[in-house]
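Take a look at the fold below. We will go from the overall layout to single residues, and then to a pocket.

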Amino acid sequence: MLYRLALRITLNHEEAEDIVQDTLIKVWNKRDDWDDIESIEAFSLTVCRNLALDHLKQKSHHNESLDSVGIDTLDKGHTPYEQMLQKDRMRLVKRIVDTLPEKQRSCMQLRDFEGKAYKDIATILGITEEQVKVNIYRARQTIKQKYQQIEDYGL
């Protein structure tokens, strides 16, 4: 879960792995305070998110893709042409998700890919539940509109 969050923010496998290691070290160093922390999972995700954002600020660069997970696991019951179309559509959606603002991408990652509740996402990201819902709605609308534009015009 931490890795996927870090990967969605940094868009780089190696950097995400480093961030997860740093997160685990920081959480372990806080082990004396675990009784005071309401949710270790939420705390860990918050630390991971903050480290990933700090890392982005330091590096000031972006990679071109989220990851290749899911593209090769497509339904094999289709013809090669249909499989190619599915792969192209997956790449297109991932490219569109890559262009989303960080907060929308993080909200969407935690909700749609991690299955977190709105309350947990709000705690992790330090925003209100309403802001979480708005960010997810806007992210989905943006993806839908950009995808439809590309499909309609073949760009």
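The protein has seven helices and zero strands. Read along the sequence, the pattern is α-α-α-α-α-α-α. Keep in mind that this is a predicted model.

Start with two totals. Of the 155 residues in the protein, 37% are buried. Then take contacts between residues at least 6 apart in sequence: 63% of these join residues at least 24 apart.

Now go to H6, which covers residues 118-125. Which residues of H6 are buried? They are Ile121, Ala122, Ile124 and Leu125. These four cover an arc of only 165 degrees around the axis, so they sit on the same side of H6. The general geometry helps here. An α-helix has 3.6 residues a turn, so residues three or four places apart point the same way. After H6 comes glycine 126. The phi of glycine 126 is positive, near 70 degrees.

Two of those buried residues, Ile124 and Leu125, lead on to another helix. Both are touched by arginine 49, a residue of helix H3. Is arginine 49 buried or exposed? Arginine 49 has a relative accessible area of 9%, and buried means under 20%, so this charged residue counts as buried. What does arginine 49 touch, once residues up to four places away in sequence are set aside? The list is Leu5, Ile9, Glu102, Lys103, Ser106, Ile124 and Leu125.

Follow one of these partners, serine 106. Serine 106 belongs to helix H5, which spans residues 102-113. Its relative accessible area is 1%, so serine 106 is buried. Beyond its neighbours within four places in sequence, serine 106 is in contact with Ile9, Arg49 and Leu125. Ile9 and Leu125 also appear among the contacts of arginine 49. Serine 106 can be paired with valine 132 as well. The two are 26 residues apart in sequence, and their C-alpha atoms are 9.6 Å apart in space.

Further along H5 is aspartate 112. Here the relative accessible area is 34%, so aspartate 112 is partly exposed. How far is aspartate 112 from isoleucine 136 in space? The C-alpha to C-alpha distance is 9.0 Å, with the two positions 24 residues apart in sequence numbering.

Next, the cysteines. Cysteine 48 is at 0% relative accessibility and therefore counts as buried. Cysteine 107 also has a relative accessible area of 0%, so cysteine 107 is buried. How many disulfides are there? The count comes to zero.

Last, the second largest pocket. Its volume is about 150 Å³. Which residues line the second largest pocket? Glu38, Ser39, Ala42, Phe43, Thr46, Lys119, Asp120 and Thr123 do. By class, this lining has two nonpolar, three polar and three charged residues. Which helices each supply at least two residues of the lining? Helix H3 (40-59) and helix H6 (118-125) do. H3 and H6 have both come up before. Arginine 49 of H3 touches Ile124 and Leu125, which are buried residues of H6. The pocket lining takes in other residues of these helices, including Ala42 and Thr123.

Terms used. Residues are numbered from 1 along each chain as its sequence is written. This is a predicted model: local features need pLDDT of at least 70, side-chain atom pairs count only at pLDDT 80 or more; totals for chains, interfaces and linings use all residues. Side-chain values use heavy atoms; hydrogens and water are left out. On a 1 Å grid over the protein atoms alone, a cavity is a set of points where a 1.4 Å probe fits but cannot get out, and a pocket is an open set with protein on both sides within 12 Å along at least five of seven lines; lining residues have an atom within 4 Å of a point. Grid points are joined across faces, edges and corners, and a volume is the space filled by probe spheres set on the points. A disulfide is a pair of cysteine sulfur atoms within 2.5 Å. Buried means under 20% relative accessible area, exposed over 50%, partly exposed in between (1.4 Å probe, protein chains only). The arc is that of the directions from the helix axis to the C-beta atoms. Contact means heavy atoms within 4.5 Å.
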